[in-house]
Amino acid sequence: MSQNRPISSFIEKHYLHFNAAALVDAAKGYKKHLADGKKMMVTLAGAMSTGELGISFSEMIRQDKVHIISCTGANLEEDIMNLVAHSHYRRIPNYRDLTPEQEWDLLQNHLNRVTDTCIPEEEAFRRLQKHLYKVWKDAEDSGERLFPHEFMFRLLNSGDLKQYYEIDPKNSWMIAAAEKNLPMVVPGWEDSTMGNIFASYCVTGELKASTMKSGIEYMVWLADWYTKQSGNEGIGFFQIGGGIAGDFPICVVPMLHQDLERDNVPFWSYFCQISDSTTSYGSYSGAVPNEKITWGKLSIDTPKYIIESDATIVAPLVFAYILEW
C-alpha cells in the first residue's frame with residue numbers, strides 16, 4: 001500500500017514530533033471526522049490561490065473532502081486569474097532585495113506583487129473585468145441579486161473564459177467548486193480587486209450596490225446552512241491562516257446560541273488552524289484554540305489542532321495525506 005501513497009508514507013515515517021507531528025495529528029483527525037460522516041468547512045486566508053493551492057485543493061473538492069468554503073475575495077478571484085493569465089505571471093525570487101524604485105517599476109509595468117509573484121493587471125484583472133461586468137449587468141437588468149461567488153460560478157459555468165485557459169482546469173479549485181455548486185461564504189469581498197471594480201461601477205452609476213448580496217446576507221445564509229447541516233454532531237473547521245475568512249464563519253455558532261437563543265445547536269466539532277502568527281496580546285490569528293471555548297465557538301471536547309508553520313507548505317501536505325497520495 002505504501003508504494004501507492006508515497007507522500008503519506010514519507011509523512012508517517014518522518015513527521016513524528018513538534019509541528020510535524022501536529023500536522024499528522026490534524027490530518028488524521030480530519031480523516032476521522034469525515035469517516036464519522038461529518039462535514040468540513042475549509043477557510044482560505046492569505047494569497048493561497050496565487051500560491052497555487054488549487055493543485056491539491058481542487059481534488060479535495062472533487063472527492064467530497066470539503067463541504068463548504070469560506071474565503072477572502074482575493075482568493076476567490078486569484079484562482080481564476082491564475083487560470084486565465086498564468087503565462088503572464090512573473091516570479092521574483094529576490095523580492096526581499098527590491099528597492100522602492102524597482103517596486104515602482106513593477107507598478108509602471110502593471111505588475112502587482114504578492115511576495116515573490118507578480119499578477120499581471122491587463123491579462124488578469126482587466127481580462128476578468130470585462131466578462132464579469134457583463135454577468136453583473138445582465139443580472140441587474142433581469143432583477144437578480146446574487147452573492148459574489150455565485151457571479152463567479154455563473155461566469156465559469158458559462159464557458160466564456162475557456163478561450164483564455166492557461167493551466168489544466170483540473171488544477172483550479174474554483175472550477176471544481178463551480179461544478180459542484182459548492183456552498184461558499186466570501187466575507188469582506190469588497191476589499192478585493194473585483195470588489196473595488198464593482199464599487200467603481202456603483203460610483204459611476206453603471207451598477208447598483210444592491211445587485212451584490214452583502215456580508216450580512218452571507219451570515220444569515222450561513223446560519224440557515226449550519227442549522228440544517230450540522231445535525232447533532234456539528235461541522236468541522238479547517239482554517240488556513242487567520243483574518244476574516246476564519247473569524248466570520250466561526251462566529252455563526254455563538255450567534256445561533258447567544259443572539260438567537262437557540263438550543264441544541266452543536267459547537268464546531270473539529271478545529272485546526274495553520275498559522276505562523278505569534279501568540280500575542282489581542283491577536284486573533286495568534287490566539288490558541290482554547291480561547292475559542294470562552295466565545296462559545298468550540299466545546300471542551302472539540303478536537304483542536306494548531307500547526308504553527310507556513311500554510312503554503314503545510315496545507316498541500318495535509319491534503320495529500322487526506323487524499324492518500
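What does the accessible surface of the protein chain come to, and what share of it belongs to carbon and sulfur atoms? Here are some notes to read alongside the predicted model.

1. **Surface and burial.** The answer to the opening question is about 15,300 Å² of accessible surface, with 50% of that area belonging to carbon and sulfur atoms. As for the residues themselves, 51% of the 325 in the protein chain count as buried.

2. **Overall build.** The protein chain contains 13 helices and nine strands. Its radius of gyration is 20 Å, close to the 20 Å from the globule rule for 325 residues, so the chain is as compact as a globular protein of that length. If you like a box to go with that value, the C-alpha trace spans about 50 × 50 × 45 Å along its principal axes. Among contacts with a separation of 6 or more, 78% are between residues 24 or more positions apart.

3. **Charges.** You may want this one for any electrostatics setup. The protein chain carries 30 positive and 42 negative side chains. The centres of these two sets are 5 Å apart.

4. **The three-stranded sheet.** One sheet to look at is open, has three strands in the order 3-5-4, and pairs them in an antiparallel way. Strand 3 and strand 4 are at its edges with a single partner strand each, so one side of each has no neighbour in the sheet. As background, strands of a sheet pair through backbone hydrogen bonds, either parallel or antiparallel. Between strand 3 (residues 90-91) and strand 5 there are two bridges, and Arg 90 has Cys 118 as its bridge partner in strand 5. Strand 4 (residues 111-114) is joined to strand 5 by four bridges. On that side, Leu 111 is partnered with Pro 120, while Val 114 stands opposite Thr 117.

5. **The hairpin turn.** Where strand 4 leads into strand 5, the hairpin has two residues between the strands. Thr 115 takes a positive phi there, near 55°.

6. **Faces of two strands.** In a regular strand the side chains alternate between the two faces of the sheet. Which residues cover the two faces of strand 5? Thr 117 and Ile 119 lie on one side, Cys 118 and Pro 120 on the other, and all of them are buried. Strand 9 (residues 304-307) offers a covered face with Tyr 305 and Ile 307, and an uncovered face with Lys 304 and Ile 306. Strand 9 runs parallel to strand 8 (residues 270-274), and four bridges join the two. Within this pair, Cys 272 stands opposite Tyr 305.

7. **A lysine to check.** Is Lys 297 buried or exposed? Lys 297 counts as buried, because its relative accessibility is 6% and the cut-off for buried is under 20%. Its place is in the loop between strand 8 and strand 9. Leaving out residues up to four places away in sequence, Lys 297 touches Asp 247, Ile 250, Cys 251, Val 253, Pro 254, Phe 267, Trp 268, Tyr 284 and Lys 292.

8. **A loop glutamate.** Glu 233 is found in the loop between helix 10 (215-229) and strand 7 (236-240). With 48% relative accessibility, Glu 233 counts as partly exposed. Beyond its neighbours within four places in sequence, Glu 233 is in contact with Lys 38, Pro 266, Phe 267 and Ser 269. Trp 268 is 35 residues away along the chain from Glu 233, and their C-alpha atoms are separated by 8.2 Å. Phe 267 and Trp 268 were also on the list of residues that Lys 297 touches.

9. **Positive phi outside glycine.** Besides Thr 115 in the hairpin, two residues deserve a look. Phe 18 is not a glycine, yet it has a positive phi of about 60°. Phe 18 lies in helix 2 (residues 18-35), and its relative accessible area of 76% makes it exposed. Glu 324 also has a positive phi, near 65°. Glu 324 sits in the segment after helix 13 (311-322) and counts as partly exposed at 28% relative accessibility.

Note on methods. Residues numbered from 1 in each chain as written. Predicted model: local features only at pLDDT ≥ 70, side-chain atom pairs only at ≥ 80, totals over all residues. Heavy atoms only, no water. Buried < 20%, exposed > 50% of the residue type's maximum accessible area, 1.4 Å probe, protein only. Pairing = 2+ DSSP bridges. Rg over C-alpha atoms; globule rule 2.2 N^0.38 Å. Contact = heavy atoms within 4.5 Å. Areas by Shrake-Rupley, 256 points an atom, 1.4 Å probe, with all protein chains shown as cover. Lys, Arg positive; Asp, Glu negative; His and termini not counted. Charge placed at Lys NZ, Arg CZ, Asp CG, Glu CD.
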